[in-house]
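This report describes one chain and the ligand bound to it. The account starts at the ligand and then turns to the chain as a whole.

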Amino acid sequence: MTETAKLKLNDNTYELPIMTSVEGEKAIDIRKLREETKYVTFDPGFANTGSCISSITYLDGEKGVLRYRGIPIEQIAKKSTFVETAYLLINGQLPTKEQLFRYSLAFTKHANIHESMLKFFEGYPITGHPMAILSAMVCSLSGYYPELIMPEPSALEIENISIELLSKIRTICAYTYKKSAGEQFIFPREDLRYIPNFLNMMFTTPTKEYEILDEVVEALDTLLILHADHEQNCSTSSVRLVGSSWANLFASVSAGICALWGPLHGGANQNVVEMLEKIHEDGGNIQKYIDKAKNADSNYRLMGFGHRVYKKYDPRAKIIKKRADDLLNKLGIHDPLLDIAVKLEEAVLKDEYFVKRRLYPNVDFYSGLIYKTIGIPTNMFPVLFAIGRLPGWIAHWKEMQEDKTSRIGRPRQIYYGKQERDYTPIEERKLI
Ligand code: CMC
């Protein structure tokens, strides 16, 4: 017999179906609630709301588990590459050798952006935040590739548009950086793989070729893999919400980039390093910043700590912390900010305020230190997060396109405004 939940409202009892995920989690299906009872549910921030059925990523925040298409993140981070991970997330299976070869080749082929788009970069002020430029450029792709944005795309059209976007995003990101650095664009090269190509476009100049170090490529690969998907987070939900109106992939991803930019989400990596620099300049007084974050009268938060779903150490942060340590050791760099980060983490993990609220370091706490070591400027950190999260956004947009039962996203509200009243002519209005 199907399991149900009973809801008693005044004298009536309603039976609501219970859904069980493949991992055994339960959900009360309230799809018919309003129709049958005239009631809606109230859940700001959607902390208890399942917005879709998904088969992409599994996350158990209580146990610190994260799996892409069933494969533990620890295995993927150790054995895979970002390009292979993108294939896995979007297509549901790891590629064969031949499939991966053809996928990588397609990235090489589509790396250039339309020549006239280069002019857009000229129009931005040199100080423009890279995330503002990135979101605008990604949305603009809709205007340049109309053949890729047809309604009800076929499987082949979805594959083509995904490859175009995955390949072009790193070119756009690198040009965004070149614009802010006042340097000439370096075009993509056919002989370089995904990450070396990106690093070359970022750091080579007309007078000096950038030396691509394996350690740097590996560290960046790991970071992008760890950011590749995180089920229904704020930016992915934005991509889904925009895409639910049948908006095209470029427009939907552009919305995801805007959502990611916020300091509570992907913008946190930039804020973490700025916070660590501030603590460093302030003489390393960690306790002062912990106390500030604990003060209920201030809005200040320790950036890089806490998570909506992880109530245990974020498994991604564990891997990144080790990567940061390894990279600095291999390159023989001593960064005082890493020392501050380690001390801050130690103090926070012992502090009652953070222990009680189960606030642990998240993915953004150590990632910025790796970007900094590679030479990426602080305001570009969220841009790197966007490159990493792109396979996830695409996978979710695709999943929604393929699900013929999905509906336009349209939440309800609980209205607390004025009740009906008459319009007042202007001469009778008083200052309230
Ligand atoms: N520093 C100090 N206090 C905190 C912090 C923090 N970083 N995070 C949460 N709290 C407190 C918060 O004040 C609240 O306290 P109280 O119960 O006394 O009101 C309690 O912990 C619960 O916080 P919340 O805001 O209700 O939790 P949330 O699930 O709505 O927010 C979060 C999650 C990630 C937005 C939040 O922890 C935060 O602002 N962290 C700092 C920003 C950050 O690092 N963001 C990156 C998240 S990981 C990357 C990603 O996937 O986006």
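In this predicted model, an N or O atom in the side chain of arginine 301 is 2.8 Å from an oxygen atom of the ligand. Two other residues also place a polar atom beside the ligand: leucine 302 does so through a backbone N or O atom, 2.7 Å from a ligand nitrogen, and arginine 357 through a polar side-chain atom, 2.9 Å from a ligand oxygen. The table sets out these distances.

| Residue | Part of the residue | Ligand atom | Distance |
|---|---|---|---|
| Arginine 301 | side-chain N or O | oxygen | 2.8 Å |
| Leucine 302 | backbone N or O | nitrogen | 2.7 Å |
| Arginine 357 | polar side-chain atom | oxygen | 2.9 Å |

On its own, the ligand has 940 Å² of accessible area, and the protein covers 73% of that area.

What surrounds the ligand? The shell consists of 20 residues. The closest are His265, Arg301, Leu302, Gly304 and Arg308. Sorted by class, the shell holds 11 nonpolar residues, five polar residues and four charged residues. Two helices, H16 (352-356) and H17 (363-374), each contribute at least two residues to this shell.

Arginine 301 can be placed more fully. Its position is in the loop that runs between helix H13 (286-294) and helix H14 (315-331). Is arginine 301 buried or exposed? The relative accessible area of arginine 301 is 56%, and the cut-off for exposed is over 50%, so this residue counts as exposed. That value takes only the protein chains as cover. Isoleucine 290 is 11 residues away from arginine 301 in sequence, and their C-alpha atoms are 8.6 Å apart in space.

The rest of the report concerns the whole chain. It contains 18 helices and six strands. The domain assignment lists three entries: domain 1 covers 4-41, domain 2 covers 66-264 together with 383-402, and domain 3 covers 268-374. Taken over C-alpha atoms, the centres of domain 1 and domain 2 are separated by 39 Å.

How does the overall size of the chain fit its length? For 432 residues, a compact globule would have a radius of gyration near 22 Å; the chain has 24 Å, so the two values agree. Measured out along the principal axes, the C-alpha trace spans about 80 × 65 × 55 Å. Of the 432 residues, 47% count as buried.

Note on methods: Residues numbered from 1 in each chain as written. Predicted model: local features only at pLDDT ≥ 70, side-chain atom pairs only at ≥ 80, totals over all residues. Heavy atoms only, no water. Near = heavy atom within 4 Å. Polar contact = N/O pair within 3.5 Å; in protein donor to acceptor, adjacent residues only side chain to side chain. Areas by Shrake-Rupley, 256 points an atom, 1.4 Å probe, with all protein chains shown as cover. Helix = DSSP H or I, 4+ residues; strand = E, 2+ residues; numbered from the N terminus. Nonpolar A, V, L, I, M, F, W, Y, C, P; charged D, E, K, R; others polar. Domains from an automatic or database assignment. Buried < 20%, exposed > 50% of the residue type's maximum accessible area, 1.4 Å probe, protein only. Rg over C-alpha atoms; globule rule 2.2 N^0.38 Å.
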